Amino acid sequence: MFGRRKIEYKTDEQLRGMVRAGVVTSRALDAAVAAARPGATTADVDAAFREVLAANGATSNFLGYFGYPATVCVSVNEEVVHGIPGERVLETGDILSIDGGAIVDGWNGDSARTVILGNPSEEDQLLSDVTREAMWRGIAAAATGTRVGDIGAAIEDHVRERVGQRLGILEDYVGHGIGSQMHMAPDVLNYRASGGSPALKPGMCLAIEPMLVTGGIATSTLSDDWTVVTDDGGRASQWEHSVAIHRGGLWVLTAEDGGASELEPLGVTPVPIPGS
């Protein structure tokens, strides 16, 4: 069909490049999470991520993307996604999502984690836990399912089984293919949808990233043209990993163990990419 975006299917050699980008992304996120503490600014979080990229000869795939002015997105409390780091001082009780990526030898990594500063409230902890669990259920579905839509179905099913309608699943922001570009076909929905979706095939790399909120799913973009906030002030959580599907199985590119610690309890054993 004219205008349909093509999915990029990668060779094993190209997938090994994706592994390198994923590992750098994971280590940069480790540093950013460590920098996120009360009294630090969101710019400090950005700087920690940036330093790891520089030390590994990597570049940011966020910086300059459609004019985006920072290395990572740091979204705090009611900010859902695309929060621009700056002079905001982080406080005890804040919940923030840190989303970033690396380019290594032309290949992209992309991952996000939620951090709660200080002793979390029961509601914030549940929000982050369910978002993270749903991401891993989606990743497991990428390993065992047949179509991309199976990922979103698994994410929604877990959220509804765990908390019913207590948390909202954002529909305006979804996962995506990833590879020689950060955002590629196909879209990876975080909810069950009717209609067909692409088959899960070897060589496909996907960024799986559910975003959940404590209230309604309506959002608005602030005057900076980037930061997305919930309309009702509900708090938000984002978790994301990039994964590769290959002939032998699935490997989580942005987890240094390939996702084994989280997937094996779900009945999925990650398989390293041949030659990596």
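A residue counts as exposed when its relative accessible area is over 50%, as buried when that area is under 20%, and as partly exposed in between. Asp105, with a relative accessible area of 65%, is therefore exposed. Keep those cut-offs in mind as we walk through this model, which is a predicted one.

Let's begin with the overall picture. The protein is built from five helices and 15 strands. Its radius of gyration is 17 Å, close to the 19 Å that the globule rule gives for 276 residues, so the protein is as compact as a globular protein of that length. If you lay a box along the principal axes, the C-alpha atoms fill roughly 45 × 45 × 40 Å. Of the 276 residues, 55% are buried. The chain also brings distant stretches together: among contacts between residues at least 6 apart in sequence, 69% join residues at least 24 apart.

On the outside, the accessible surface comes to about 11,600 Å², and carbon and sulfur atoms account for 49% of it. As for charge, there are 21 positive and 37 negative side chains, with the centres of the two sets 8 Å apart.

Now let's go inside. In soluble globular proteins, nonpolar side chains tend to be buried together. Here the largest nonpolar core has 34 residues, and the members that touch the most others are Ile139, Ile151, Leu206, Ile208, Leu250, Val252 and Leu263. Helices and strands both contribute: helix H3 (122-144), helix H4 (149-163) and strands E8 (184-188), E9 (205-208), E14 (241-246) and E15 (249-252) each supply at least two residues. The largest share, nine residues, comes from H3. Apart from this core lies another one, of 31 residues, including Ala32, Val76, Val115 and Ala244.

Leu250 is a handy place to see the packing up close. Beyond its neighbours up to four places away in sequence, Leu250 touches Ile139, Ala142, Ala143, Val243, Ala244, Ile245, Leu263, Pro270 and Val271. Ala244, in that list of partners, is itself a member of the 31-residue core.

Next, have a look at the backbone. Ala185 and Pro186 are joined by a cis peptide bond, with omega at about 0°. Pro186 is found in strand E8, one of the strands that supply residues to the largest core.

Two residues other than glycine have a positive phi. Asn77, with a phi of about 60°, is in the loop between strand E2 (72-76) and strand E3 (79-81). Asp105, with phi near 50°, lies in the loop between strand E4 (95-104) and strand E5 (107-116). Their surroundings contrast: Asn77 is buried, at 9% relative accessibility, whereas Asp105 is the exposed residue we started with.

Asn77 leads us on to Asp94, since Asp94 touches Val76, Asn77, Val89, Val115, Ile116, Leu117 and Arg235, not counting residues up to four places away in sequence. Asp94 sits in the loop between E3 and E4, yet at 6% relative accessibility Asp94 counts as buried. Asp124 is 30 residues away from Asp94 in sequence, and their C-alpha atoms are 9.2 Å apart.

Strand E5 is worth following along its length. Asn108 is in this strand and is buried, at 4% relative accessibility. Leaving aside neighbours within four places in sequence, Asn108 is in contact with Met18, Ala21, Asn61, Ala102, Ile103, Ile178, Gly179, Ser180, Gln181 and Met182. Asn108 and Gln181 are 73 residues apart in sequence, but their C-alpha atoms are 6.3 Å apart.

Thr114 also belongs to strand E5 and is buried too, with a relative accessible area of 8%. For Thr114, the distance to Gln181 is 24 Å, C-alpha to C-alpha, with the two positions 67 residues apart in sequence numbering. The contacts of Thr114, again not counting residues up to four places away, are Ile95, Leu96, Ser97, Ser128, Ser237, Gln238 and Trp239.

Finally, visit the start of the chain. Thr11 is in the segment before helix H1 (12-35), and its relative accessible area of 43% makes Thr11 partly exposed. Thr11 and Tyr65 are 54 residues apart in sequence and 26 Å apart in space, C-alpha to C-alpha.

Terms used: Residues are numbered from 1 along each chain as its sequence is written. This is a predicted model: local features need pLDDT of at least 70, side-chain atom pairs count only at pLDDT 80 or more; totals for chains, interfaces and linings use all residues. Side-chain values use heavy atoms; hydrogens and water are left out. A nonpolar core is a set of buried Ala, Val, Leu, Ile, Met, Phe, Trp, Tyr and Cys residues joined through side-chain atoms within 4.5 Å. Buried means under 20% relative accessible area, exposed over 50%, partly exposed in between (1.4 Å probe, protein chains only). Helices (H or I, at least four residues) and strands (E, at least two) are DSSP runs, numbered from the N terminus. Contact means heavy atoms within 4.5 Å. The radius of gyration is taken over C-alpha atoms; the globule rule is 2.2 Å times the number of residues to the power 0.38. Accessible areas come from the Shrake-Rupley method with a 1.4 Å probe; for residues, only the protein chains shown count as cover. Lys and Arg count as positive and Asp and Glu as negative; His and the chain ends are not counted. The place of a charge is taken as NZ of Lys, CZ of Arg, CG of Asp or CD of Glu.
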